[in-house]
Amino acid sequence: MTNQTLILASSSRYRREVLEKLHLPFKCVSPDIDETPLASESPERTSLRLAESKARKVAESHPNALIIGCDQVATMDGLQIGKPGNHENAVKQLTMLSGREVVFHSALSLYDSASQHMQATIVPYYVKFKTLTPLQIETYLQLEQPYDCAGSAKSEGMGIALLDYMRGDDPNALIGLPVIALVNMLRQAGIDVLSLPRT
């Protein structure tokens, strides 16, 4: 069992809540990096580069830690879909996504700042929206106000009613932290989450 501090390189409350499911002690540190995609960079490459960059950035001030870096890029037909930020943009986004499939490219990294060893992977997740009416869109947005979520819907909340299907290896990937992959990475780093003593 390693004695390193476990750090989530994120300020996302959604990712924090997902990681808390593992009952591991950890702290959150917000990385300050430029998240602008590079020219001609694929969504997959963007998400993986940013997940690794976030972990390395936090490592600069935490030399003996295991650092979890995450990033997610959502796309529809190759078009990147960001967080709406407000009601008007969310209406436009859900109108555009009505009846369409969105791919969430969820990248995960685990960086050992002591050994400088990086593990990284991408876990895709596929979501198909129902054909939505303007009334359905307005009703949902008024109830849940998911303006900080790419795709303008919270699948873990009432947003599930907007969807035809969700497909992928780990539903946590849709929230932005692929836990199945993380558990495997932690095991490689010497942490078996099912064998730790709990207080």
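Is cysteine 28 buried, partly exposed or exposed? Cysteine 28 is partly exposed, with a relative accessible area of 35%. On this scale, buried means under 20% relative accessible area, exposed means over 50%, and partly exposed lies in between, using a 1.4 Å probe and protein chains only.

Welcome to this structure. It is a predicted model, in which local features need pLDDT of at least 70 and side-chain atom pairs count only at pLDDT 80 or more, while totals for chains, interfaces and linings use all residues. Residues are numbered from 1 along each chain as its sequence is written, and side-chain values use heavy atoms, with hydrogens and water left out.

## The cysteines

A disulfide is a covalent bond between the sulfur atoms of two cysteines. Here a disulfide is counted when a pair of cysteine sulfur atoms lies within 2.5 Å, and the count comes to 0 disulfides. Why is cysteine 28 not bonded to cysteine 70? The closest cysteine sulfur to that of cysteine 28 belongs to cysteine 70 and is 10 Å away, too far for a bond. Cysteine 149 is in no disulfide either, as its nearest cysteine sulfur, again that of cysteine 70, is 15 Å away. Cysteine 149 counts as buried, at 11% relative accessibility.

## Strand 5 and its neighbours

Helices (H or I, at least four residues) and strands (E, at least two) are DSSP runs, numbered from the N terminus. In strand 5, 11 of the 12 residues are buried, so the strand is largely enclosed by the rest of the structure.

Two strands pair if DSSP finds at least two bridges between them. Strand 3 (residues 65-76) runs antiparallel to strand 5, and 10 bridges join them. Within this pairing, glutamine 72 has serine 106 of strand 5 as its bridge partner. Strand 5 also pairs with strand 6 (residues 117-129) in the antiparallel sense, over 12 bridges, and glutamate 101 stands opposite lysine 128 in strand 6. Strands 5 and 6 form a hairpin with 4 residues between them, and glutamine 116 in the turn has a positive phi of about 60°.

Aspartate 112 is a good residue to look up in strand 5 (residues 101-112). Aspartate 112 is buried yet has no salt bridge, and the nearest side chain of opposite charge, arginine 56, is 11 Å away. For charge, Lys and Arg count as positive and Asp and Glu as negative, while His and the chain ends are not counted. The side chain of aspartate 112 does reach the backbone nitrogen of serine 115, at 3.2 Å. Setting aside residues up to four places away in sequence, aspartate 112 touches Gln4, Ala65, Leu66 and His117, where contact means heavy atoms within 4.5 Å.

## Helix 6

Which residues of helix 6 (residues 179-188) are buried? They are Val179, Ala181, Leu182, Val183, Met185 and Leu186. These buried residues pack against several elements, including strand 1 (5-9), helix 1 (13-20), strand 3 and strand 5. Just after helix 6, glycine 190 takes a positive phi of about 100°.

## Salt bridges

Side chains of opposite charge can pair when their charged atoms come close. A salt bridge here is a side-chain nitrogen of Lys or Arg within 4 Å of a carboxyl oxygen of Asp or Glu. A search of the whole structure finds 8 salt bridges, among them the three in this table.

| Salt bridge | N to O distance | Exposure |
|---|---|---|
| arginine 49 and glutamate 41 | 2.7 Å | both buried |
| lysine 54 and aspartate 71 | 2.9 Å | both buried |
| glutamate 88 and lysine 92 | 3.6 Å | both exposed, each with a relative accessible area of 52% |

Lysine 54 in helix 2 and aspartate 71 in strand 3 are 17 residues apart, and their pair links distant parts of the chain. Glu35, Lys54 and Asp71 are linked in a network of salt bridges. Glutamate 88 and lysine 92 both lie in helix 3 (residues 87-97), 4 residues apart, about one turn of the helix.

## Two loop residues with positive phi

Histidine 23 has a positive phi of about 55° although it is not a glycine. Histidine 23 is in the loop between helix 1 and strand 2 (27-28), and is exposed, with a relative accessible area of 59%. Serine 40 also has a positive phi, near 65°, in a residue other than glycine. Serine 40 is in the loop between strand 2 and helix 2 (43-59), and is exposed, with a relative accessible area of 83%.

Notes: A polar contact is a pair of N or O atoms within 3.5 Å; within protein, one must be able to donate a hydrogen and the other to accept it, and residues adjacent in sequence count only if both atoms are side-chain atoms.
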